[in-house]
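Reader: Could you take me through one part of this model at close range? I would enjoy a connected account of a helix and the elements packed around it.

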Amino acid sequence: MSAHANTITTARLRPELFPEQIVNVSSRALVVAALSVIVLLGLGFRAYRLDAQGLSEDELNKVRAVEEYRARGLTPANGEHPFLMKAMLTASAVAADWWNSTDYVRTGPPSYHVTQETWARLPGAILGALTSVLIFLVALELFGAEVAFIAAALWAFDPAAVTFNRIAKEDSFLVFFFLLANVFWLRGQRAAEEGRRPEPFYWASGVAFGAMLASKYVPHFIAISGSYYYVFQGMKTTRWRIGKRRWLIFFIFMGVAFVIFNPTILLPGTWHEMRTFAGERRIAHDSNEFMGVLYPNQMSLWLRGVPWYFYYVFMAVKLPLTVAATFVVGLFLLFRRRVGDGRYFILFWLFFWFFPFSVLGGKFTRYFTFALPAVLITSAVGVHFFAQYFARATARLGASGLVYARALTALLFACVSVYATARAAPFYPLYTNALGSALRPAGDFFPHDEFYDSGVRDAARETARMARPGARVASETPELLQHYARLAGREDLTSVSLSDPSSLAEMRAGDLVVTAPGRRYFSNSEILARLNAGARPASVVRQGAVEAARVYLLDEESVAALTAAAAR
């Protein structure tokens, strides 16, 4: 029996936010108003000082693809990744140029100017805020209005969700269109069970899945929705049956939408870029640092790469402790029949993400973006459990009092996330909960992802200020550093890789080295150790109280130490 056909058995486990007698037009208006507040507050966190941190190397690749599209039309630029996100970034860049050209901005203070970092990250921030609505709609179908509101609020205010949505990468777009597809998918289930025509929902779901694939090439995630569908097919009572003909039409809609949203897939150069990427020939570095230890970071290394517990540590130290604790409670509840059949959707979602991403050898925290809504919905189930428990403990309040008791409990849990995110602003990636802070300093668990090259922009400005004409600058992000050095007016500087021994052999006194947390590798660990032990940085870039980059001005002694370390 579907989640929608199972109303009688799950009604007591899906208490609505409003008493039954007042679920009318005014309460729907209140629902819309409450969701609007959640979305706007979530957008406020995501849009606040979007340019507080400089671009990462990955984000610079997106910016350059946008510049190429605007100059030459559709090209295979950054073709290993789909087109849809870059199309939205292009629209954002055009809008930013128009805004910056207006008299209002040109004659106003510098804060009115939309920076490159802002326009590159704004589409993801907007979709990330709107994702709260989709989480609400999905959770509403699965567990009812109260869990749906809690889940939407947790996403809007979660520091990890805010962090991921402020990165100009595909993951936020993937999550948005996956959820949109499943809003239609689950509505199609309800329509079929209620005897209404479900086909429009199926076709809309296919289009949204096409947009999902045009955001990131992860077709196996469609198996989450497919597995949920097939759970019910062995039951004679279910009316939710698509059949071969409608499945074929569904995939036609999905394929056509995929090509429309991703037209660069028709370019031969795009396929070349995809083959290069799939062959792991675009991996620029040999390792990733996790909790102070370097690990090989390739997908094909499986359990010989970054440890399987990488994402479990992330959940333990990067989510507010209330969210982590209620997730454990909610996960236990998902294995109980009394929660209802909607639990299967979340269980499949968790399985199809955690199982492969635990054993694959290559890991970055931003991949967790896709799993986070499922984690937060599960946490919302746990919060709802505590809200019910508190309401039962205060049963003497009466029917209306119980509603407010549950609402107040849920609000308190949401406020913990609000407080955590507000404290971390604007350097959200450095947020670590109380448990994590007791174990390691901020930025020391996942340094590559917690800093994500954010200090390179300011380090490049310092380099531009102190470098002699024609100086060489060594770093692990040479293209990114050169980009910001040129913006600072220093096109004369030569940017080289710190892991390239031949480039280091040409370094001279007066040249510079830029180091950043998260950019330590097998290839440069000896060099960094020598620098840290034998030289004092000429400048240190900080984000709040945390060191984000160092700039070394080389003398004869440090040059000798550098070349000796590179030769080993």
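**A helix and its cover**

Author: Happy to. Bear in mind that this is a predicted model. Let's start with what lies over the buried residues of helix H24: the cover includes helix H23 (501–504), strand E5 (512–515), strand E7 (546–553) and helix H25 (556–567).

H24 itself spans residues 525–534, and its buried residues are Ile527, Leu528 and Leu531. These residues lie on the same side of H24, because the arc they cover around the axis is only 95 degrees. Turn to the other side of H24 and you meet Ala533 and Gly534, which are exposed.

Now for the strands, beginning with E5, one of the elements that cover H24's buried residues. Leu512 and Val514 point one way from E5, while Val513 and Thr515 point the other way. Which of these residues are buried or exposed? On both faces the answer is buried, for all of them.

E5 also has strand partners. With E7, another part of the cover over H24, E5 pairs in the antiparallel sense, over four bridges. You can find one of the contacts between these strands at Thr515, whose bridge partner in E7 is Arg550. Strand E3, residues 472–475, is joined to E5 by two bridges, and here the strands run parallel. Look for Val473, which stands opposite Leu512 of E5; that leucine is among the buried residues of the strand.

So the picture to keep in view is this: H24 has its buried residues on the same side, and E5, part of their cover, is paired with E7 in the antiparallel sense and joined to E3 in parallel.

Terms used: Residues are numbered from 1 along each chain as its sequence is written. This is a predicted model: local features need pLDDT of at least 70, side-chain atom pairs count only at pLDDT 80 or more; totals for chains, interfaces and linings use all residues. Side-chain values use heavy atoms; hydrogens and water are left out. Buried means under 20% relative accessible area, exposed over 50%, partly exposed in between (1.4 Å probe, protein chains only). The arc is that of the directions from the helix axis to the C-beta atoms. Contact means heavy atoms within 4.5 Å. Two strands pair if DSSP finds at least two bridges between them.
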